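Okay, thanks everyone for coming. I've got one structure to walk through today, so let me put it up on the screen.

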Amino acid sequence: MNIMDEIRARLASLQPVRLELIDDSHLHAGHAGARAGGGHYRLSIVSDVFQGKNTVARHRIIYDALGELMRKEIHALAIQARSPEEN
């Protein structure tokens with residue numbers, strides 16, 4: 001399974017209504033994180049689990065779902081997380 005598929009699979013646990021994941025790694029060629037093997041990604045996700053939670057709590061939920069991927073495979077993750085009511 002490639003890293004994009006792995007990220008999507010782990011985020012499936014959040015039962016997203018919508019999930020868009022973009023690999024921006026090519027824009028960061030030569031960056032220290034890129035040299036170490038970590039990718040740069042943009043995530044837009046809509047899920048009921050974010051209802052009533054602030055931005056920091058939403059990001060923690062996502063980081064928890066991604067687990068150890070945040071230590072090496074993912075160097076940078078730009079997150080836009082919303083509940084369906086905010087979509």
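I'll go from the overall layout to the sheet, then the helices, the core and finally the salt bridges.

One thing before we start: what you're looking at is a predicted model. So every value I quote is computed from that model.

Right, the layout. There are three helices and three strands in this protein. If you walk along from the N terminus, the elements go α-β-α-β-α-β. The protein has 87 residues, and 33% of them are buried. Now take the contacts with a separation of 6 or more: 66% of those are between residues 24 or more positions apart. As for the outside, the accessible surface is about 5,100 Å², and carbon and sulfur atoms contribute 50% of that.

On to the sheet. It's open, it has three strands in the order S1-S2-S3, and the pairing is mixed. Which strands stand at the edges? That would be S1, residues 18–23, and S3, residues 74–82. Each of those has a single partner strand, so one side of each has no neighbour in the sheet. Going from one strand to the next, the twist averages 15°.

Let's look at S2 and S3 together. S2 covers residues 39–46, and it runs parallel to S3, with eight bridges joining the two. If you want a spot to look at, find isoleucine 45, which sits opposite alanine 81 in S3.

Now the helices that go with the sheet. H1, residues 3–11, lies across S1, S2 and S3, and it runs at about 155° to S1. Then there's H3, residues 55–66, which packs on the sheet and touches S2 and S3. The direction of H3 makes about 130° with that of S3.

While we're at H1, have a look at the loop between H1 and S1, where you'll find alanine 12. How exposed is alanine 12? Partly exposed, with a relative accessible area of 43%. Its C-alpha atom is separated by 8.8 Å from that of alanine 65, and those two residues are 53 apart along the chain.

Okay, the inside. The largest nonpolar core has 17 residues. Those with the most contacts inside that core are Ile7, Leu11, Ile45, Ile62, Leu66 and Leu77. So we meet isoleucine 45 again, the residue opposite alanine 81. Which elements give two or more residues to this core? H1, S2, H3 and S3. The largest share comes from S3, with four residues.

Let me zoom in on leucine 77. If you leave aside its neighbours within four places in sequence, leucine 77 is in contact with Tyr41, Leu43, Ile62, Tyr63, Leu66 and Met70.

Last topic, charges. Side chains of opposite charge can pair when their charged atoms come close. A search of the whole structure turns up six salt bridges. I'll go through some of them.

Start back in H1. Arginine 8 and aspartate 5 meet through their side chains in a salt bridge, at 3.8 Å from N to O. Both are in helix H1, three residues apart, which is about one turn of the helix. Arginine 8 is partly exposed at 35% relative accessible area, and aspartate 5 is partly exposed too, at 38%.

Next pair: arginine 18 and glutamate 20, another side-chain salt bridge, with N to O at 3.8 Å. Arginine 18 comes out as partly exposed at 30% relative accessibility, and glutamate 20 as partly exposed at 40%.

And then arginine 58 and glutamate 86, where the salt bridge is 2.8 Å from N to O. This pair links distant parts of the chain, since arginine 58 is in helix H3 and glutamate 86 is in the segment after S3, 28 residues apart. Now, is arginine 58 buried or exposed? With a relative accessibility of 8%, arginine 58 counts as buried. The cut-off for buried is under 20%. Its partner, glutamate 86, is partly exposed, at 41%.

There's also a network: Glu6, Arg10 and Glu68 are joined into one by salt bridges that share partners.

That's my tour, and I'm happy to go back to any part of it on the screen.

Terms used
Residues are numbered from 1 along each chain as its sequence is written. This is a predicted model: local features need pLDDT of at least 70, side-chain atom pairs count only at pLDDT 80 or more; totals for chains, interfaces and linings use all residues. Side-chain values use heavy atoms; hydrogens and water are left out. Buried means under 20% relative accessible area, exposed over 50%, partly exposed in between (1.4 Å probe, protein chains only). Contact means heavy atoms within 4.5 Å. Accessible areas come from the Shrake-Rupley method with a 1.4 Å probe; for residues, only the protein chains shown count as cover. Two strands pair if DSSP finds at least two bridges between them. Axes are lines fitted to C-alpha atoms, for helices over the stretch in contact, and angles run from 0 to 180 degrees between N-to-C directions. A salt bridge is a side-chain nitrogen of Lys or Arg within 4 Å of a carboxyl oxygen of Asp or Glu. A nonpolar core is a set of buried Ala, Val, Leu, Ile, Met, Phe, Trp, Tyr and Cys residues joined through side-chain atoms within 4.5 Å.
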